[in-house]
Amino acid sequence: MITGAEVLIKALEYQEVDTAFGIPGGAILPAYDPLLDAGFRHILARHEQGAGHMAEGYAWATGKVGVAIATSGPGATNLVTPLADALMDSVPMVAITGQVPTYAVGNDAFQEAHTTGITMPATKHNYFVTHVEEIAQTIAEAFHLASTGRPGPVLVDIPKDVLNDRVRWRDPEPVALPGYKPTVSPHPRRIREAIRLIENAERPILYVGGGIIKAEAGTALTAFTDLTNMPVITTLMGRGAVSDHHPNVLGMPGMHGLYAATTAIQKADLLVAIGVRFDDRVTGDPDAFAPFAKVIHADIDPAEIGKVRVPEVPIVGDARLILEALIEVWADKPRPKLEKWWTTIKNWQERYPLHFDQQPDGTLKPQYVISRLRDQAHPEAVLVSGVGQHQMWASQYWRFDHPRQWINSGGLGTMGFAVPAAIGAKAGKPDHQVIAVDGDGCFQMTFQELITAAYEQIPIKVALFNNAAHGMVRQWQRLFYNERFSGSDLGRQLPDYPKLAESLGCAGLQATRAEDVDDVVSTMLSIDDRPVVAEFVVDRDEMVFPMVPAGGSNDIVLNGPEDL
Amino acid sequence: MTEQQVLSVLVEDKPGVLARISSLFARRGFNIHSLAVGPTAEPGLSRMTIVVEAPKLEQVKKQLHKLVNVVKITELDDRSSIEREIMLVRVRATAKQRSEVLQLATVFKGTPVDVGVDSITFMVTGTPTKLNDLLELIRPFGLMDLVKSGRIAMRREPKARKLRAVG
């Protein structure tokens, strides 16, 4: 007989967990004792939100399920943001929370919160375990749910007495859930219908997103791109789905998308949408989105199909299987030239490229820093971003070669994501260079996790864009609120980032002028024995372009300040 | 007003299922007109009859399917299914009016379940239309209290068209 806590640890080992991120506390204490002898690594975060984002970063980077552990009450509520984030971005994650003992549940006990109730709309599914016999099977179900179908977060809440009860270990049985049978194989008729539309299209677009990454469908997508010669548009969630060095890739569309990408969708006669959900940051005004296009919409989640745009051809299934089926049916059809379409697109690319103006002695432009960092970084580097202007610049200027090189908070837009997610990514891929691109506003939300990174020897690199402001808020206030900068000024002098970094156990660097950037970047990339924070003091008035104002039609793209 | 649709939802009989469904409806902005839950012939499964007012019924069904505890969803219409509701209604009725009210109730196969000095309570079962018709007729007497069970519904033929589980 072993305790429920021992069953829990064994059940995690049974799922081949190699890393878990968490913080102990009263209700989860029983589990932390056998954890000391567990066959996997536990990384002690400094805040449960950090543990949650680490689990997400780990999952993004490796494709495996990320694991976060927290105690009851505040431990669990601190996990809510990462859970909601993981739900929005379909990140496979299992959260385990301690709960007050069964006899105390419902009595407003110390550190009691209704965890399953609170996290219900923030998880794909959650469990409240009432008997020690259920632990192993529940963990097996949680991993199954988190990692199959449309991936997502699953929470398992276990009362302290259940962790202390004793039981004999039994291997979990194969998971059989009567209400959960994701459709993975696409319907052959839909595939044939799709191919018919693709061969007859004159201005087709492959519009692809996070579903490609989650389904490990990058190789199949690249092959299908080569066969059909379609231009490929990768959403914020799908960056790296096909290499940015591939000539067919136009980059990110939408609110801050590249002009050619956004406009190509507007003028297309066919959208082949795979693993995307027609998010409002992509579509702008949905009624004005891709007005001439027929739509093929392929997704693992049937609820996404027809939610925003009713497609001509709906395909439910796994993105990789769908692409492989498309490739098979396409067979040896000749490669369409699409000459007129490509000429038009190339013309847009030449006329409206990304641009910025870095004067040698002028204020430092964030786009310049990103470009220099990109050129010096390892080609296999993993880039992790926070949320805001720096995120958009990173997505616009970086060149990703593979899926899983780009990690960010797309749907929920969680500021503070970058530092902990980068730690999780580095823990999962220790041999990769992992660079967090962060803004000062984001950084100040979660930088305490750098202590975790230093103490656990997880040498991430943080490129900190300090514009002394909530930059995106400032940009909107400049454009839409008469330059009344309410609540967006963070103060240039506070904190002293290099000193702060040093005090957290990291190396601290700073660049204020364009001529310093290359040196600081190369120093930052060369330090591997501890985390590094390189602060780039950038122009606070630089704005992200292109831009389609929120809710506007994607036909009207502002390419730069000259268009204002 | 958006048209009402009836969904018969087979769910696993697990704690919190009702909360999951109501939370989903709240989050997605779907309106529940009535909801009735009870056990089925099969142990471990419950049946929910949900009357919804939703312009995008397809979305409602797809979102419901995503709930792990939802096993099957059947859309019912009043032609191919049997719909019933039970209603308890208390009507103002002095001794003088009592026989008139009772007579009216009898026409609708209502059963008196409680009689007071100046009121009478009866139970009526039937289709939603029948109950509403009766309510209109007795309203002038003075409606003192009203409880409805919410609709329950069942397909007329056992070989029902089944919705493919897409969740």
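Pro495(A) sits in a loop of chain A, between helix H21 (471-480) and helix H22 (497-503). The model is a predicted one. In this loop, the peptide bond between Leu494(A) and Pro495(A) is cis, with omega about -15°. A second cis bond runs from Phe545(A) to Pro546(A), and its omega is near -5°. Pro546(A) belongs to the segment after strand E20 (532-537) of chain A. Why mention such bonds? Most peptide bonds are trans, and most residues other than glycine have a negative phi.

**Unusual backbone angles**

Two residues of chain A show a phi worth a look. Gln111(A) is not a glycine, yet its phi is positive, at about 55°. Gln111(A) is found in the loop between strand E5 (93-99) and helix H6 (115-119) of chain A. Is Gln111(A) buried or partly exposed? Gln111(A) counts as partly exposed, because it has 16 C-beta neighbours inside 10 Å. A residue needs 20 or more to be buried.

Arg404(A) is also not a glycine, and its phi is positive, at about 70°. The loop that holds Arg404(A) runs between helix H17 (389-397) and strand E16 (406-407) of chain A. Arg404(A) has 19 C-beta neighbours inside 10 Å, so it counts as partly exposed.

The table gathers the backbone angles.

| Site | Angle |
|---|---|
| Leu494(A) to Pro495(A) | omega about -15° |
| Phe545(A) to Pro546(A) | omega near -5° |
| Gln111(A) | phi about 55° |
| Arg404(A) | phi about 70° |

**Chain A as a whole**

How many helices and strands does chain A have? Chain A has 23 helices and 20 strands. Its C-alpha atoms fill a box of roughly 70 × 60 × 40 Å along the principal axes. The radius of gyration of chain A is 24 Å. A compact globule with 564 residues would have a value near 24 Å, so the two agree. Of the 564 residues, 56% count as buried. Now take the contacts in chain A between residues at least 6 apart in sequence. Among these, 76% join residues at least 24 apart.

**A covered strand**

Strand E4 (residues 66-70) of chain A is mostly covered, and five of its five residues are buried. In a regular strand the side chains alternate between the two faces of the sheet. Which residues of E4(A) lie on each side? Gly66(A), Ala68(A) and Ala70(A) are on one side, while Val67(A) and Ile69(A) are on the other. All of these are buried, so both faces of E4(A) are covered.

E4(A) also has strand partners. Strand E2 (residues 19-22) of chain A pairs with E4(A) in the parallel sense, over two bridges. Here Phe21(A) stands opposite Ala68(A) of E4(A). E4(A) pairs with E5(A) too, again in the parallel sense, over five bridges. One bridge links Gly66(A) to Met93(A) in E5(A).

**Where chain B touches chain A**

The contact between the chains takes 18 residues from chain A and 19 residues from chain B. On the chain B side, three elements give two or more residues each: helix H1 (17-28), helix H2 (57-66) and strand E4 (70-76) of chain B. Which element gives the most? H2(B) does, with five residues. By class, this side of chain B has seven nonpolar, six polar and six charged residues.

Note on methods
Residues numbered from 1 in each chain as written. Chains lettered and ligands numbered in written order. Predicted model: local features only at pLDDT ≥ 70, side-chain atom pairs only at ≥ 80, totals over all residues. Contact = placed C-beta atoms within 7 Å. Helix = DSSP H or I, 4+ residues; strand = E, 2+ residues; numbered from the N terminus. Nonpolar A, V, L, I, M, F, W, Y, C, P; charged D, E, K, R; others polar. Buried ≥ 20, exposed ≤ 12 C-beta atoms within 10 Å, placed from the backbone. Rg over C-alpha atoms; globule rule 2.2 N^0.38 Å. Pairing = 2+ DSSP bridges.
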